[in-house]
Amino acid sequence: FLFLGIIFLFDSTLLALGDILFLTGLTLTIGASRTVRFFSRKDRIRGIIAFFGGVAMVLFRWPVIGMIMQIYGLVYLFGQFFPIAAASLKDVPVVGSVFRHPSVERFFSSFGGGGSGDRRAPV
C-alpha cells in the first residue's frame, strides 16, 4: 500500500493504510512486547519522534512531508541493521558482487556505528 500510495501521487489514504499495515506486520513479526520496547528506547528518541511524526503528517493530509519524516525515522531506527543485511547479501550469487564493491561496503559501514565487529540487529 505504501508503494501504491507513492505511485498514485502520494495518496494519503493508501499511505496511512500502508503505515498501519507496516506497524501491524512489525508487531506480528517480533511480538507486541518487543515492539513496545523497541519504540520506547531513549537512545533512539529522535527516530521515534520522526517516524511517528511522519505517520501523523500523513494522517493530517501532508503526505510528502510525512513520508520524508518517516524515511528519516526508519533510517535512524534501523540504521544498525543495514550493515548486517549488506553482509548477508554478499553471499547471494547475483547481487553479491555489487555488495562486495569497496564503495558499497564503505556506504553500508557508515550506518550504525561503522566498523564495530560486534553488531546486533536493532530489535
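How exposed is Lys90, in terms of relative accessible area? Lys90 is partly exposed, because its relative accessible area is 24%, where buried means under 20%, exposed means over 50% and partly exposed lies in between, with a 1.4 Å probe and protein chains only. This is a predicted model, in which local features need pLDDT of at least 70 and side-chain atom pairs count only at pLDDT 80 or more, while totals for chains, interfaces and linings use all residues. Residues are numbered from 1 along each chain as its sequence is written, and side-chain values use heavy atoms, with hydrogens and water left out.

## Salt bridges

A search of the whole structure finds two salt bridges, a salt bridge being a side-chain nitrogen of Lys or Arg within 4 Å of a carboxyl oxygen of Asp or Glu. Side chains of opposite charge can pair when their charged atoms come close.

| Salt bridge | N to O distance |
|---|---|
| Asp43 and Arg41 | 3.1 Å |
| Lys90 and Glu105 | 3.0 Å |

The pair of Lys90 and Glu105 links distant parts of the chain, 15 residues apart, with Lys90 in the loop between helix H6 (81-89) and helix H7 (96-99), and Glu105 in helix H8 (residues 102-109). Helices here are DSSP runs (H or I, at least four residues), numbered from the N terminus. Glu105 counts as partly exposed at 33% relative accessibility, and Arg41 also counts as partly exposed, at 30%.

## The nonpolar core

Which residues make up the largest nonpolar core? Nine residues form this core, namely Leu26, Ile30, Phe38, Phe39, Ile48, Phe51, Val55, Leu77 and Phe78; a nonpolar core is a set of buried Ala, Val, Leu, Ile, Met, Phe, Trp, Tyr and Cys residues joined through side-chain atoms within 4.5 Å. Helix H2 (12-30), helix H4 (45-59) and helix H5 (63-78) are the elements that give two or more residues to the core, and the largest share, three residues, comes from H4.

Helix H2 has 19 residues and reaches 27 Å from its first C-alpha to its last, close to the 27 Å expected at 1.5 Å a residue, the expected span being 1.5 Å times one less than the number of residues. The buried residues of H2 are Ser12, Leu14, Leu15, Ala16, Gly18, Asp19, Leu26 and Ile30. Just after H2, Gly31 takes a positive phi of about 100 degrees.

Leu77, which lies in helix H5, counts as buried because its relative accessibility is 0%. Its C-alpha atom is separated by 6.5 Å from that of Arg44, although the two residues are 33 residues apart along the chain. Met69 also has its place in helix H5, but Met69 is partly exposed, with a relative accessible area of 27%. Met69 and Ile49 are 20 residues apart in sequence and 9.0 Å apart in space, C-alpha to C-alpha.

## Aromatic pairs

The structure holds seven aromatic pairs, where rings of Phe, Tyr and Trp (its six-membered ring) pair if their centres lie within 6.5 Å, and planes under 30 degrees apart count as stacked, over 60 as edge-to-face and the rest as tilted. The rings of Phe38 and Phe39 have their centres 5.2 Å apart and their planes at 75 degrees, so this pair is edge-to-face. The rings of Phe39 and Phe51, by contrast, have their centres 6.2 Å apart and their planes at 20 degrees, so this pair is stacked. The stacked pair links distant parts of the chain, twelve residues apart, with Phe39 in the loop between helix H3 (32-38) and H4, and Phe51 in helix H4. Phe38 counts as buried at 2% relative accessibility, and Phe39 counts as buried at 13%. One aromatic cluster is formed by Phe22, Phe38, Phe39, Phe51, Phe52 and Phe78.

## A surface patch and an exposed loop residue

Phe3, Leu4, Ile7 and Phe8 make a nonpolar surface patch of about 440 Å². Patches are made of residues with over 30% relative accessible area and no salt bridge, with like charges joined within 9 Å and nonpolar side chains (Val, Leu, Ile, Met, Phe, Trp, Tyr) within 5 Å, and accessible areas come from the Shrake-Rupley method with a 1.4 Å probe, only the protein chains shown counting as cover for residues. Ile7 lies in helix H1 (residues 2-7) and counts as partly exposed at 47% relative accessibility.

Arg61 has its place in the loop between H4 and H5, and Arg61 is exposed, with a relative accessible area of 56%. Arg61 has a positive phi of about 70 degrees although it is not a glycine. Most residues other than glycine have a negative phi.
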